[in-house]
Amino acid sequence: MNPAQQKQRWKYSLIAFAVVIVCGSLFYTKYLVRNITNAERTRAQVWAMSMKQQMASDDNDNIAYAMAVRDSSIVPSIVVDEKGEMIFTKGLDPNKTLNPIPQPPKKKGDPVAVYDLNYFKAQLAIMKDQHPEPIKILLPLGTKGYWLVYYQDSPLLTQLKYFPYVQLSVIAIFLLMAYSSFSSSRRSEQDQVWVGLAKETAHQLGTPISSLMAWIELIKDKFNADNDQLVLEMENDVRRLEIVADRFSKIGSKPQLEPYSVYDVVKDFVEYFRIRVSNKISFEVKGNKELMAGLNIPLFDWVIENLLKNAVNAIEGTGSITVEISGNKTNKQVFIDVIDTGKGIPRSKFATVFQPGYTTRKRGWGLGLSLTKRMVENYHNGQIFVRDSELGKGTIFRIILKSLTHDS
Ligand SMILES: Nc1ncnc2c1ncn2[C@@H]1O[C@H](COP(=O)(O)OP(=O)(O)O)[C@@H](O)[C@H]1O
Ligand SMILES: [Mg+2]
């Protein structure tokens, strides 16, 4: 399993684990809430029944009544008669409801208890909304009618209902912060490692390359071989080595960008590249020759080289690779499209291909595109992405750079 797949697997198992935690905590709170809701309903019922009891007796010290009132005081309730008129309330704002003591059933025409009608209605609406089924209490024999006890969730229950959401959001924010700080520090660590490695490589290659150059000069002198084919080829290869070392050293420092015609630079590189790959693949560079952009040649060549190599790898047998240069005047942009007729990239992998370690090749390292992305974004202030791809048909990679042509 390569690192990209491993990361993907980790991501999915973490997501699954998080889903389990969230569901578990929501279900458990739901369970608690249901139990407490039942308990509160019982309390409201016990309270109303003890009120009924109290009304029938004259004994104000009735212990059952006192206990019921004490125990149930956290559950706001309203008792109404069969006509919907309030008989008494509990747990509501005492300034707006004046009726703590049970009253004997009223005769017709008697004024109802004193209370703030709007407040009462609003509270009743909340209760009906929360618990549409009131508790029905039949009145003692001989008295007609019944009571309906409406009740509301206690503040405790309300808090418990919202608790998991508050808790989970706090945890989510915490994890997000932790994740972003960890991943940014990991990224800067990675940067340090690969920049350091590049610098060190360039440094170590430097000495043997310059002495190779000197040896070649000596050989030319000694054997009078200025135009010898072998020596010339050797010189070419050492030059090539020099370019590689130069690229590595450029990675380590902020490279200078200089204005070039994008077309010319790409054309030069493609000319150099095409003779080194199978002649079953045809190359073409086309588009606007005037467009200028700030480039660092060793690094930009490397970018184009990576894209061309991938295109070559994607083509099995014959095919063509086209590099098209175009621009957008209004946005002052240069577009470089690398178009191949290769095997294509599935849509779901358009972003993944740029991750280090992602490869579909047997001998691939999956580093080409991640380096390319860095060179485009960090050293050329540009963008690179898969513009389009179709399986079996081909792929278009697009680089966007800032145009210097449209500057003036
Ligand atoms: N032009 C292309 N056409 C199809 N697939 C591509 C193309 N360019 C890149 N890819 C896919 O992206 C993967 C990663 O590319 P890269 O980072 O260069 O690593 P490597 O070339 O070592 O595999 C490749 O293995 C391939 O699956
Ligand atoms: Mg590659």
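**Figure 1. The crossing of helix 6 and helix 7 in the predicted model.** Helix 6 and helix 7 cross in a right-handed sense. Helix 6 comprises residues 262-274, and its axis lies 10 Å from that of helix 7, at an angle of about 50°. Angles of 65 to 115 degrees count as roughly perpendicular and those under 35 degrees as roughly parallel; helix 6 and helix 7 are therefore oblique to each other.

**Figure 2. Elements of the protein that contribute to the shell around ligand 1.** Helix 7 (297-314) supplies at least two residues of this shell, as do helix 8 (368-380) and strand 11 (394-402). The largest share, three residues, comes from helix 7.

**Figure 3. Residues that surround ligand 1.** There are 20 residues around the ligand, of which Asn-310, Asp-340, Thr-359, Thr-360 and Leu-369 come nearest. Sorted by class, the shell consists of nine nonpolar, eight polar and three charged residues.

**Figure 4. Polar side-chain atoms beside oxygen atoms of ligand 1.** In Thr-360, a polar side-chain atom is found 2.5 Å from an oxygen atom of ligand 1. The side chain of Asn-310 places an N or O atom 2.8 Å from an oxygen atom of the ligand. For Arg-361, the corresponding distance between a side-chain N or O atom and an oxygen atom of ligand 1 is 3.2 Å. Taken on its own, ligand 1 has 540 Å² of accessible area, and the protein covers 94% of that area.

Notes
Residues are numbered from 1 along each chain as its sequence is written. Chains are lettered from A and ligands numbered from 1 in the order in which they are written. This is a predicted model: local features need pLDDT of at least 70, side-chain atom pairs count only at pLDDT 80 or more; totals for chains, interfaces and linings use all residues. Side-chain values use heavy atoms; hydrogens and water are left out. A residue is near a molecule or strand if one of its heavy atoms lies within 4 Å of it. A polar contact is a pair of N or O atoms within 3.5 Å; within protein, one must be able to donate a hydrogen and the other to accept it, and residues adjacent in sequence count only if both atoms are side-chain atoms. Accessible areas come from the Shrake-Rupley method with a 1.4 Å probe; for residues, only the protein chains shown count as cover. Helices (H or I, at least four residues) and strands (E, at least two) are DSSP runs, numbered from the N terminus. Ala, Val, Leu, Ile, Met, Phe, Trp, Tyr, Cys and Pro count as nonpolar, Asp, Glu, Lys and Arg as charged, and the others, Gly among them, as polar. Axes are lines fitted to C-alpha atoms, for helices over the stretch in contact, and angles run from 0 to 180 degrees between N-to-C directions. Angles under 35 degrees count as roughly parallel, over 145 as roughly antiparallel, 65 to 115 as roughly perpendicular and the rest as oblique. A crossing is left-handed if the near helix is turned anticlockwise from the far one by less than a right angle, and right-handed if clockwise.
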